[in-house]
Amino acid sequence: MSTPNKSPCPRCDRLGGDVSPRTIRHHIRQAWQWEAHASRYFYCDNPACAVVYFGDDGSMIPQTQLRAPDAKQATADALVCHCFGVTVSDAQCNSAVRDFVLAQTRDRQCACEVRNPSGRCCLADFPEKVGAGGTAEMASHD
Ligand SMILES: [Zn+2]
């Protein structure tokens with residue numbers, strides 16, 4: 001409890017999960033110019049907030065400083081799985097995609113810590129499973 005793994009974003013107040021400097025270094029522009037001065041960093045996932053990373057020393061890294069400045073925008077073309085390049089619409093239209101990512105994650109073939117800006121496994125962000133039951137049929141939608 002002395003080291004909570006969440007902290008409120010100084011810009012929008014939403015709780016952000018902790019993230020390693022290693023993750024930040026894989027997403028920030030001109031990584032060679034960035035030094036981790038804070039002892040802990042957190043990721044703000046609020047799409048409306050201009051801040052992406054913030055440190056416990058009060059430092060903030062804005063979206064514009066990322067190589068993919070639209071990483072937080074949840075459009076249909078946005079990546080939900082950064083390891084395998086799965087877009088939101090890929091995942092929504094084909095339940096086999098989720099199974100594929102699940103299997104890769106189980107075999108530790110994913111690279112969430114460096115590929116995902118949040119540093120976390122993408123499965124939590126996947127759209128709800130399409131279709132129910134044991135069959136892998138595509139859900140019908142309008
Ligand atoms: Zn924020």
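In what order do the elements of the protein chain run from the N terminus on?

**Figure 1. Overview of the protein chain in the predicted model.** From the N terminus on, the elements run β-β-α-β-β-β-β-β-α-α-α. The secondary structure thereby listed comes to four helices and seven strands. The protein chain has 142 residues, of which 23% count as buried. Among the contacts with a separation of 6 or more, 49% are accounted for by residues 24 or more positions apart in the chain.

**Figure 2. The open sheet of five strands.** The strands of this sheet follow the order S1-S2-S3-S4-S5, and their pairing is antiparallel. Strand S1 (6-8) and strand S5 (60-62) occupy the edges; each has a single partner strand, so one side of each is left without a neighbour in the sheet. On average, and with direction ignored, neighbouring strands of the sheet are turned by 35° against each other.

**Figure 3. Close-up of the pairing between S1 and strand S2.** Strand S2 comprises residues 15-19, and its antiparallel pairing with S1 extends over three bridges. Within S2, Gly16 is the bridge partner of Ser7.

**Figure 4. Helix H3 and its buried face.** Helix H3 consists of 12 residues, 95-106. At 1.5 Å a residue, the helix should span 16 Å, and the 17 Å between its end C-alpha atoms agrees with this expectation. The buried residues of H3 are Val97, Arg98 and Val101. Viewed down the helix axis, these buried residues fall within an arc of 100°, so they line one face of H3. The other side of the helix carries the exposed residues Ala96, Asp99, Ala103 and Arg106.

**Figure 5. Surroundings of helix H3.** The elements that cover the buried residues of H3 include strand S6 (79-81), strand S7 (86-87) and helix H2 (88-93). Beyond the helix, H3 is followed by Arg108, which has a positive phi, near 60°.

**Figure 6. Close-up of Asp90 in helix H2.** Asp90 has its place in helix H2, one of the elements that cover the buried residues of H3. Is Asp90 buried, exposed or partly exposed? Asp90 has 18 other C-beta atoms within 10 Å. A residue counts as buried at 20 or more such atoms and as exposed at 12 or fewer, so Asp90 is partly exposed. Asp90 and Leu79 are separated by 11 residues in sequence, and their C-alpha atoms are 9.1 Å apart in space.

Conventions
Residues are numbered from 1 along each chain as its sequence is written. This is a predicted model: local features need pLDDT of at least 70, side-chain atom pairs count only at pLDDT 80 or more; totals for chains, interfaces and linings use all residues. Helices (H or I, at least four residues) and strands (E, at least two) are DSSP runs, numbered from the N terminus. The expected span of a helix is 1.5 Å times one less than its number of residues. The arc is that of the directions from the helix axis to the C-beta atoms. Two residues are in contact if their C-beta atoms, placed from the backbone, lie within 7 Å. Two strands pair if DSSP finds at least two bridges between them. Axes are lines fitted to C-alpha atoms, for helices over the stretch in contact, and angles run from 0 to 180 degrees between N-to-C directions.
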